[in-house]
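Reader: I'm new to this one and would like some help reading it. Could we go through it together?
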Amino acid sequence: MGDDLKSRRTVFAGVGAGGLALALTACGAGGETTTAAPATSEPAASAPATSSAPAAAEGLAKTADIPVGGGKIFKEQKIVVTQPTEGEFKAFSASCTHQGCAVASIENGLIDCPCHGSKFKIEDGSVTQGPATKPLPAQEIKVDGDQITLA
């Protein structure tokens, strides 16, 4: 019976280690910053700075990615970039001024918040429909050739 007990322990230990490896692999597949943070605090602190610097250098979007009379929401950067008229690009915070919900769509020249129905103009971020009472704050962007970057 002693050998049976040792064999069962070996099997359970192997299954446990395999499950742990599988869990760590699954967690790592979703995003590097999530798995980097628990390992050591130093690489996690430097990872966001490193990952955001290339994004700014490479550009937020190409001008062709932003439709005339519409726009595009960049959830990760929490910014909305619009092109009210050909060649005119604007940027606003993607957080609704009513209760901070993320805006979700841009239709008919309006930036829409799904939480309570607030709508904002793509030209200047001003409110066209409440309950929000304040415009979306303008954000700084730079257009260089066909690249749009955060300023």
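Reader: Let me start with a cysteine: is Cys113 buried or exposed?

Author: The general idea is relative accessible area: buried means under 20%, exposed over 50%, and partly exposed in between, using a 1.4 Å probe and protein chains only. Here Cys113 has a relative accessible area of 5%, so it is buried. Before we go on, this is a predicted model, where local features need pLDDT of at least 70 and side-chain atom pairs count only at pLDDT 80 or more, while totals for chains, interfaces and linings use all residues. Residues are numbered from 1 along each chain as its sequence is written, and side-chain values use heavy atoms, with hydrogens and water left out.

Reader: Which cysteine sulfur is nearest to that of Cys113?

Author: That of Cys96, 3.8 Å away, and Cys113 is in no disulfide. To count as a disulfide, a pair of cysteine sulfur atoms must be within 2.5 Å, so the sulfurs of Cys96 and Cys113 are too far apart for a bond. Cys96 is buried too, with a relative accessible area of 4%.

Reader: How many disulfides does that rule give?

Author: A disulfide is a covalent bond between the sulfur atoms of two cysteines. The count here is 1: Cys101 pairs with Cys115, with their sulfur atoms 2.2 Å apart. The pair links distant parts of the chain, 14 residues apart, with Cys101 in the loop between β4 (90–93) and β5, and Cys115 in the loop between β6 and β7 (119–121). Those β labels are strands, which are DSSP runs of E at least two residues long, numbered from the N terminus. The torsion about the S-S bond is about -105 degrees, so this disulfide is left-handed.

Reader: Which residue has a positive phi although it is not a glycine?

Author: Lys78 is one of them, with a phi of about 55 degrees. You'll find Lys78 in the loop between β2 (70–74) and β3 (79–83), and at 57% relative accessibility it counts as exposed. Asn108 also has a positive phi of about 55 degrees, and it sits in the loop between β5 (105–107) and β6 (110–112).

Reader: Where does pLDDT stay under 50?

Author: pLDDT is the predictor's confidence in each residue, from 0 to 100. It stays under 50 over residues 15–57. Where pLDDT is low, the predicted coordinates should not be read in detail. For the chain, the mean is 73, and 62% of its residues reach 70 or more.

Notes:
Helices (H or I, at least four residues) and strands (E, at least two) are DSSP runs, numbered from the N terminus. Contact means heavy atoms within 4.5 Å.
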